[in-house]
Amino acid sequence: MTALIELQAISKNFSGIHALREVDFDLNAGEVHALVGENGAGKSTLMRVLGGEMRPSGGRQLIEGEEIRLAGPTDAIRRGIAVIHQEMALAPDLTVAENIFLGQLPAQINWSRLNERARKLIERLGFAISPRAEVSSLPVAHQQVVEIAKALSRDVKAIVFDEPTAVLSTGDATRLLQIIRDLRADGVGVVYISHRLDEIYAISDRITVMKDGRRVGTVTPAEVPVQDLIPMMVGRPLSQLFGDKPETTIGDEILRVDGMCLPNGVRDVSFAIRAGEVVGLGGLVGSGRTEVARAIFGADPVSAGKMVLKGRPYSPRTPKQAVRRGVGLVPEDRKGQGVVLDMAIAKNATMANSARVTTAGFFRPDAEASLVQELIRSLRIKLGSMHDPVSSLSGGNQQKVVLAKWFNANPDLVILDEPTRGVDVGAKTEIYSLIHRLASEGKAVIVISSEHAELFGLCDRVLVMGEGELRGELQPQDFEEEKLLALSMMRQSQPGTVRPQTARETHA
C-alpha cells in the first residue's frame, strides 16, 4: 500500500547547525502516527517541512507516491496538508465562519450560506458553536475546534496536531482525542505531537521517536511499553525520571490553613505544611486547586477562614504582600502570568527580589550579571544571552526562568501550579530535581498537577480536592490513581472518606 505521505532522508541545516539529519517519516491514510522526543529533537522542524513552512536542505517529499516540492504553506494546504500549531493562527476579531473560510471567500459573499456551511462543519466535530461568534470570545478549546473545522473546509488529507491538549482541561482534551479518532475513521491521516505519553498510548497506531535531529525508531504502542519508550527519547529509564530524592529533614510548620472559603465556591479547606515537605494538591480540573493556590498568594480574596504563616497571622491582599512574607507562586499560565515574554531573561529572573541588584535604590549591572549567571548555571538554563527575551527560550527553559525568579527571592513557601505543563520529558526531570532541591533547602513546597504520576513521584503526601472541598489525603503507601480519583469524586459525608490530616499529625 502506498503511504499517504513519505518524507525520505530529510535534512535541514541552519547556519551550519543540523536541525534534521536524514529523517525518514511516513503517514498512512486513516492512521494516527505520533511523533515524540524532547524539545529540540526536531519534531516541529520536521512538521514545518511537511507543512511547507520550511524547505529541506536535503531529502525527498512524496504525497501518494508522487514526489513534490512545496512552494509554501498555501501549496501544502492546496495538496491537503494542514498543520495546527500550539499557538493557533486565527484572526481574533473575525467571526468563526470568517476564520474557517479565510482565504476562500469570494468577492460576493452569501453570509447565510457561509454561516450554514460553518455550522455543519462544527456539528460534524460534535460541537455547537455559533458561526457568528467572534473568535476572541471563545474559550481555547472552541478556538481549537475552529482550527480543525478550517482544515476540514479544504478537503484535508493529513492534519498535524502540535501539542493540541497542552492548554486544555481534561474534559476538553478527551473530546479532542475523540475528534481525532473520528478523523482517523474518516480516512484522514493524523500526525500527533505531544509530551503527554498517556495520550500517545491512548490514540496512536504508530510512534516515531526523535532525538537530536535524528529518527531513533518507529514502534507501535503494543510492542513498546512506556517504560521502554522513555529511554529511547532521553537515554535514561523511567525509574530515573523523578531523580533521586535527597534526604530532607521535616522542620517547623510553615503554613496552616483553617476553614478557608472563597467566593468562587471553595469551602472549608484546612491543611498544614512544614519546612522540607513537598505536598501535592490533586483532583480533577475545576476542583478548586488553583483557586486555593491563588488565595494563598494573595491573588484572590478569602471570604472566610484564617491562615498562619511561620507562626504569625497571614492574610495577604495582594501578591506583593505575599512575596514580602516569603511566599512564591509558579502559576499555571507560564506565559501570561509567570514571565514577561518580551523582557530580558535577566530582568525576569531578578524581578521578585530586586534588592539583590540595587544599592541605595541604584541599579548595579555587575551585581545583576553575577547573580543571573549563577542562577543560569545552577538551574542549567539553556540560552544565548541573559539579555535575550524570555520568548527566545524553549518551554522548559522558560519554566526554569520562572523558578530562577523564586530561587532568587528565597521564599519559605513555594507553590507550583502545573510546573511541567508543555515541557518535554528531559526538561521535566531537571525541574523535578529543582523541586527536590527546594525541599532539601528547607522550603515548604506545594505542587498542583493534573498528571497523577507526577504527584506520586514528587510528593511526600497528596491532598485531594473535589468540587471546592478538600476530600482526603493520600500517604505514599496509598499512591494509586484509582484512590485519588475515588476521593476526588466522593463527598466527605460519604462512608470511607479519608479525613484530611495536618502536617503535624502526619509527622508526629
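**Exercise 1. Surroundings of serine 287**

Task: Which residues does serine 287 touch, not counting residues up to four places away in sequence, and is serine 287 buried or exposed?

Solution: Step one is the contact list: with contact taken as heavy atoms within 4.5 Å, serine 287 touches Gly282, Met465, Gly466, Glu467, Gly468 and Glu469, once residues up to four places away in sequence are set aside. The model is a predicted one, in which local features need pLDDT of at least 70 and side-chain atom pairs count only at pLDDT 80 or more, while totals for chains, interfaces and linings use all residues. Residues are numbered from 1 along each chain as its sequence is written, and side-chain values use heavy atoms, with hydrogens and water left out.

Step two places the residue: serine 287 lies in the loop between strand S13 (278-282) and helix H9 (289-296), where helices (H or I, at least four residues) and strands (E, at least two) are DSSP runs numbered from the N terminus. Step three is accessibility: buried means under 20% relative accessible area, exposed over 50%, and partly exposed in between (1.4 Å probe, protein chains only). Serine 287, at 3% relative accessibility, therefore counts as buried.

**Exercise 2. Salt bridges**

Task: How many salt bridges does the model contain, and how far apart in sequence are the parts that lysine 347 and glutamate 368 tie together?

Solution: A salt bridge is a side-chain nitrogen of Lys or Arg within 4 Å of a carboxyl oxygen of Asp or Glu, and by this rule the count comes to 26. Four residues linked in a network of salt bridges are Arg267, Glu467, Glu469 and Arg471; Glu467 and Glu469 also appear among the residues that serine 287 touches.

Consider next the bridge between glutamate 123 and arginine 119, whose closest N and O atoms are 2.6 Å apart. Because these two residues are four apart in helix H4 (residues 111-124), they are separated by about one helical turn. Glutamate 123 is partly exposed, with a relative accessible area of 47%, and arginine 119 is partly exposed as well, at 28%.

Then take glutamate 253 and arginine 256, whose side chains meet in a salt bridge at 2.8 Å, N to O; both glutamate 253 and arginine 256 are buried. Finally, lysine 347 and glutamate 368 form a salt bridge with the closest N and O atoms 3.0 Å apart. Lysine 347 lies in helix H12 (residues 345-350) and glutamate 368 in helix H13 (residues 365-379), so the pair ties together parts that are 21 residues apart in sequence. Lysine 347 is partly exposed, with a relative accessible area of 33%, whereas glutamate 368 is buried, at 5%.

**Exercise 3. Two helix crossings**

Task: Which orientation, oblique or roughly perpendicular, describes H13 and H14, and which describes H4 and H5?

Solution: Axes are lines fitted to C-alpha atoms, for helices over the stretch in contact, and angles run from 0 to 180 degrees between N-to-C directions. Angles under 35 degrees count as roughly parallel, over 145 as roughly antiparallel, 65 to 115 as roughly perpendicular and the rest as oblique.

For the first pair, the axes of H13 and helix H14 (residues 395-409) come within 10 Å and cross at roughly 120°; H13 and H14 are therefore oblique to each other. Leu371, Leu375 and Leu379 of H13 make the contact with Lys400, Leu403, Ala404, Phe407 and Asn408 of H14. These residues divide into six nonpolar, one polar and one charged, where Ala, Val, Leu, Ile, Met, Phe, Trp, Tyr, Cys and Pro count as nonpolar, Asp, Glu, Lys and Arg as charged, and the others, Gly among them, as polar.

For the second pair, H4 and helix H5 (residues 140-152) pack at an angle of about 110°, with their axes 9 Å apart, and they are therefore roughly perpendicular to each other. On the H4 side the contact is made by Leu121, Ile122 and Arg124, and on the H5 side by Val145, Ala149 and Leu152; the division here is five nonpolar, no polar and one charged.

**Exercise 4. Leucine 177**

Task: Where does leucine 177 lie, and which residues is it in contact with beyond four places in sequence?

Solution: Leucine 177 lies in helix H6 (residues 170-185) and, at 9% relative accessibility, counts as buried. Leaving aside neighbours within four places in sequence, leucine 177 is in contact with Tyr192, Glu199 and Ile203.
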